[in-house]
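Me: I would like to learn how to read the inside of a protein model, taking the packed parts and the empty parts in turn. Could we work through one case together?

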Amino acid sequence: MISYAALAAAVPFSPAAAQAVAPADASAPAPGATAAGTSADTGTTDPAEAPVPGDAKAAHPDEDQAIVITGTKRPAGDVLGNVSVLDQEEMTHDLKPSLGDMLADLPGVSSTSFGPSASRPILRGEQGERAPVLIDGISSLDLSATDPDHAVAINPLTAERIEVLHGPGALLYSSSAIGGVVNVTDTRIPRHVPDDAVDVDAMLNYGSAANERSGNLGIDVPLGGHFVAHADGAYSKYNDLHVGGFLLSEPLRQQALASPDPNIRALAFLKDKLPNTAGRSDDIAGGLAYVDGDLDIGVSYSRHDTKYGVPIRFSLDPSVEPEVPTIDAHQNRGDVRINVPVGGIFKLAEFRGGLSKYHHDELEPGGVVGSSFFSNGGEMRADVVQNERGGWGGTTGVGYLSQDARIRGEEKYLPDSRKQNLGLFTLQSIQSGKVRFEAAARVDFAKLHAKADERIAELVAEAGENSIVGAAPVGRKFTALSGSVGANYDLDGWRAGLSLSHSERAPGIDELFSFGPHGGSAQFLIGNPDLRKETSNGAELSVHRTTGPIHVQGSVYYSRYSNF
């Protein structure tokens, strides 16, 4: 793929200041199994301490300095575990329609590859709820974790920075994050007051692999009295994805050519383009914030719309009609962020909250709605960040999530359900000379409930299954305890770290209560309402080194699962 991009950042809006910016070219483990891997990363990032919100430096950070924020706001090299950060310039050079494809080149990250639209990140072999995708520390509040053909409701065009975090810091966000966490930061709630009358961020991108055309425009306007208004819009459109050679592998081509059915034989000659992968997406958002030093209070509202095709799964059986699904998804979302300086032993009190109304229709050929998926919910988290005293610092907080899900139509494989989760967490670190010790702990109280559903009960009976799914209301409660300890040591410019972790994860709604077909991913989903908590015990050895503009990092990790 050849990609051409143009980026203009923080350009004062006046004829005298108009500038032309030259284009920048850019070239599951089984139950009880173990997983291990290594990763290495070289780039032009030089981690540094996080800037104070509201400073000019925070408004326009040096793009060569990639900062990871894990509550304690430390350099990436000091964080236990592997950390990868993409800033705005790096994202512009390698922009893709989906979050999974854009991150797939990072160490330890791959993609579900369910077409160019619905690809979700896979972190160290884990996906779905084991690799949560967040917006500024809270859930994306969509249905992308439930099935691989459901896209993440985040347009990469609107991101300012993306962090991929493994290790103890991931427990600040979720006990389910066995693979790690993807945290996307945007600018929809302003974090600084612009120096100019108007700040404009504009970006245009073209990608040849799918004839992709995309663009984003963001505007920040100071209103006086420390108030800042923000507005942004993004749009992308792409055709069917170009692929190299034939769509079917050579053995399948030979099998198709041997078929007496001419329609099956025709499949052997499909090449160059992957059918039903075209799509488009558009976003619009507005925000307002009051920013005065460390005091930061703001709200935003956003609308996300996307329509995309899911790759056809061709069958060599003439009696099987291939699915040609198209997904039409919409999300309305409101967010709030409050950062208040505290004093004493605490530096800052932080609050993040979001409410979402999401739904998507799965369309059959001709535009007929086959099934509709709905999810309404919200999440909030409150943290207190400690002032570092004698090398000791940390973050402690609480988070709450409530999300309802329901399906209407032919493919209702899940009864109307609700999940609720209350989490308490802390991350503490102590610096002593060349050694930094770190420990994290989290407890989650999960409650999952499914309503009685006659249709699913009938499917269960027809299949001869012995299950209570669908026959009556079902509720499960879980208490998950997770923790991690570790340390890293400065070895003449090299920082080596070792961490040990224990994670417990409550099963998801779909893992407990599903029963029925889902054409979008060509699966028949069967849940088990008797599932127990999943546990993972792991160890990780990591090394980091920064020499001038070069940052090198690598890690070796081992994990063992129970009740996977």
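Me: Leaving aside its neighbours within four places in sequence, which residues is L448 in contact with?

Reply: This is a predicted model, and in it L448 is in contact with R418, K419, V474, G475, R476, F478, P507, G508, I509, L512 and F513, once its neighbours within four places in sequence are left aside.

Me: Which residues touch the most other members of the largest nonpolar core?

Reply: The general idea is that, in soluble globular proteins, nonpolar side chains tend to be buried together. Here the largest nonpolar core has 26 residues, and those that touch the most other members are Y308, Y413, L414, L448, F478 and F513. Two or more residues of this core come from each of β18 (326-343), β21, β23, β24 and α7. Apart from it lies another core, of 22 residues, including L86, M102, L157 and A159.

Me: Turning to the empty parts, what volume does the largest cavity have, and which residues are the closest to its centre?

Reply: Its volume is about 800 Å³, and of the 46 residues that line it, E129, S176, L401, Q403 and K419 are the closest to its centre. The lining divides into 19 nonpolar, 15 polar and 12 charged residues.

Me: How do the residues that line the second largest cavity divide?

Reply: They divide into 10 nonpolar, 14 polar and 3 charged, around a cavity with a volume of about 340 Å³. Of its 27 lining residues, R124, G167, A177, I178 and S501 are the closest to the centre, while β28 gives the largest share of the lining, 5 residues.

How values were computed
Residues are numbered from 1 along each chain as its sequence is written. This is a predicted model: local features need pLDDT of at least 70, side-chain atom pairs count only at pLDDT 80 or more; totals for chains, interfaces and linings use all residues. Side-chain values use heavy atoms; hydrogens and water are left out. On a 1 Å grid over the protein atoms alone, a cavity is a set of points where a 1.4 Å probe fits but cannot get out, and a pocket is an open set with protein on both sides within 12 Å along at least five of seven lines; lining residues have an atom within 4 Å of a point. Grid points are joined across faces, edges and corners, and a volume is the space filled by probe spheres set on the points. Ala, Val, Leu, Ile, Met, Phe, Trp, Tyr, Cys and Pro count as nonpolar, Asp, Glu, Lys and Arg as charged, and the others, Gly among them, as polar. Helices (H or I, at least four residues) and strands (E, at least two) are DSSP runs, numbered from the N terminus. A nonpolar core is a set of buried Ala, Val, Leu, Ile, Met, Phe, Trp, Tyr and Cys residues joined through side-chain atoms within 4.5 Å. Buried means under 20% relative accessible area, exposed over 50%, partly exposed in between (1.4 Å probe, protein chains only). Contact means heavy atoms within 4.5 Å.
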